[in-house]
Every structure is written in structure tokens, then in C-alpha cells.
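Before reading any single feature, a learner and a teacher look at the model together. Their exchange takes up confidence, cysteines and strand pairing in turn.

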Amino acid sequence: MDSLESELDRARDLSVADLADAIAEIGFECTRCGACCTAEDDDPHTATVFPDEVRELQAATDYDFRDVARPMPYGLSETDDGVVEGETFEWALQTDSCGDCSFYAEDDDGIGACTVHEDRPLVCQTYPFSVALAGTSQPMGEAVDEAGLVRAHECEGLGRDISREDAEAMAATLKERAIRELEEAIGVRDEYEPAQPRSGEVVVHDSEGAKRPDGSAYER
């Protein structure tokens with residue numbers, strides 16, 4: 001497998017025009033169904049968010065860190081007493097009691113909307129697409145369609161006509177996300193030191209170091 005640095009170089013060299021061609025070939029129009037913002041069966045919604053995106057959402061909403069993000073559950077374990085503990089390497093958007101994104105809301109007609117749409121994270125801006133580079137995230141399971149380096153994930157809006165302007169805007173944001181994901185992965189790798197959390201503790205390793213679930217630094 002190529003190094004993360006090599007993949008980052010590839011991400012920086014991506015052609016927005018080529019990505020836009022691929023997106024147009026697949027086709028997409030958001031139907032506001034809410035499926036990408038809500039829990040799937042018994043699995044809570046998980047959308048990766050970068051540390052600086054958490055702070056941007058905090059500034060936009062006046063929410064506490066825990067209201068915006070939670071430790072990504074993958075890698076964590078639960079004791080017989082229901083206590084979650086362990087180490088993980090990403091933040092996920094916070095969810096409500098139903099497992100839906102806490103920023104998702106429906107109007108009286110059941111039409112879904114993001115309450116922080118202008119400030120939503122890159123992974124939300126680019127769904128249902130991803131780029132097939134090692135070190136980047138592939139949301140919501142396996143791809144259901146692909147064109148070039150672009151992968152499309154399950155979404156009822158796939159296959160619909162998309163304007164060239166919208167395809168290019170999506171492509172530019174998708175490239176930005178791929179670069180940011182690889183920069184974050186490199187940062188996590190370079191900053192990582194085993195935290196050895198005590199029983200009942202959760203530690204999140206991100207590009208800024210080891211943190212507690214409230215976003216504060218973890219003191220070993």
C-alpha cells in the first residue's frame with residue numbers, strides 16, 4: 001500500500017474536472033429523504049467530523065463540545081455494567097436519543113433538513129460520494145456505483161440529473177475532503193502515543209493529540 005504521504009500527493013493532484021465528469025456520469029440530486037442523517041436499523045448515525053469542524057459548529061451554535069461531537073464508537077468496548085471505554089481515532093457528529101444526527105430535523109410534512117446546513121462538515125457536504133484513495137473514509141458501507149476514482153454510496157438521489165455547475169462544486173468539495181482526511185490521518189499517526197486509559201475512560205486520538213470525550217487534552 002502506498003504511504004499516506006503518497007496518497008496525499010495524489011489527492012492534491014486530483015482533477016476537479018475529472019471528478020465532476022465522474023459525478024455527472026453517476027448523477028445525483030438530494031431528495032431530502034434524511035436517510036444519510038438518521039440511524040439505520042439499530043445502528044446510530046456516524047459521520048466523521050474533524051476537530052476544527054467541531055469548533056466551527058460550536059461557534060455557529062454556541063453548543064458545548066459534547067453537544068456537537070462524540071467519540072467514534074469503533075474500537076470502543078462496553079463493560080457488563082454498560083460503561084463504554086477504550087481508545088478510538090475519530091470524532092463523530094453527536095446523535096439524539098433515536099440515534100439520528102442531532103442537527104437533523106423534519107418539518108410537519110416529514111421533509112428533512114440540516115439545522116446547520118451552511119456549517120455542515122465536509123463529509124455531509126459530499127455525501128453520497130467518496131474518492132477511492134487509501135486513507136480516506138468510505139461512508140455508509142460499500143460503494144454501489146463508481147466512475148473513475150469516484151465512489152457512490154447508497155442514496156435514493158443517485159442516478160438523477162445534475163448540472164455541470166453543481167457537479168463541479170461537489171467535485172471541488174470532494175477533493176478538499178480527500179485532502180483533509182489524509183492530512184488528518186497523517187496528523188493522527190504522527191501525534192499518536194498509547195494512552196492506556198484506565199477502566200471506564202475513553203480517549204480519542206486526533207491530529208491534535210489525545211483527548212477526553214469533552215475535547216479537552218487527555219493527561220496520562
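The dialogue below concerns a predicted model.

Q: What is the mean pLDDT of the chain, and which elements have the lowest and the highest values?
A: As a general caution, where pLDDT is low, the predicted coordinates should not be read in detail. In this predicted model the mean pLDDT of the chain is 93, with 98% of its residues reaching 70 or more. Among the elements, strand S7 (residues 112-114) has the lowest mean pLDDT, at 88, while helix H2 (residues 16-26) has the highest, at 98.

Q: How many disulfides does the structure hold, and why is Cys-98 without a bond to Cys-101?
A: In general, a disulfide is a covalent bond that joins the sulfur atoms of two cysteines. Here the count is zero. The closest cysteine sulfur to that of Cys-98 belongs to Cys-101 and lies 13 Å away, which is too far for a bond; Cys-98 is also exposed, its relative accessible area being 59%. For Cys-124, the closest cysteine sulfur is again in Cys-101, at 6.3 Å, which is likewise too far for a bond, and Cys-124 is partly exposed, with a relative accessible area of 29%.

Q: What is the order of the strands in the open sheet of three strands?
A: Strands of a sheet pair in general through backbone hydrogen bonds, in either a parallel or an antiparallel sense. In this open sheet the order is S1-S5-S2, and the pairing is antiparallel. Strand S1 (48-49) and strand S2 (69-71) are the edge strands, each of them pairing on one side only. Two bridges link S1 with strand S5 (residues 91-93) in the antiparallel sense, and Val-49 stands opposite Trp-91 in S5.

Definitions and conventions: Residues numbered from 1 in each chain as written. Predicted model: local features only at pLDDT ≥ 70, side-chain atom pairs only at ≥ 80, totals over all residues. Heavy atoms only, no water. Disulfide = S-S within 2.5 Å. Buried < 20%, exposed > 50% of the residue type's maximum accessible area, 1.4 Å probe, protein only. Pairing = 2+ DSSP bridges. Helix = DSSP H or I, 4+ residues; strand = E, 2+ residues; numbered from the N terminus. pLDDT = per-residue confidence, 0-100.
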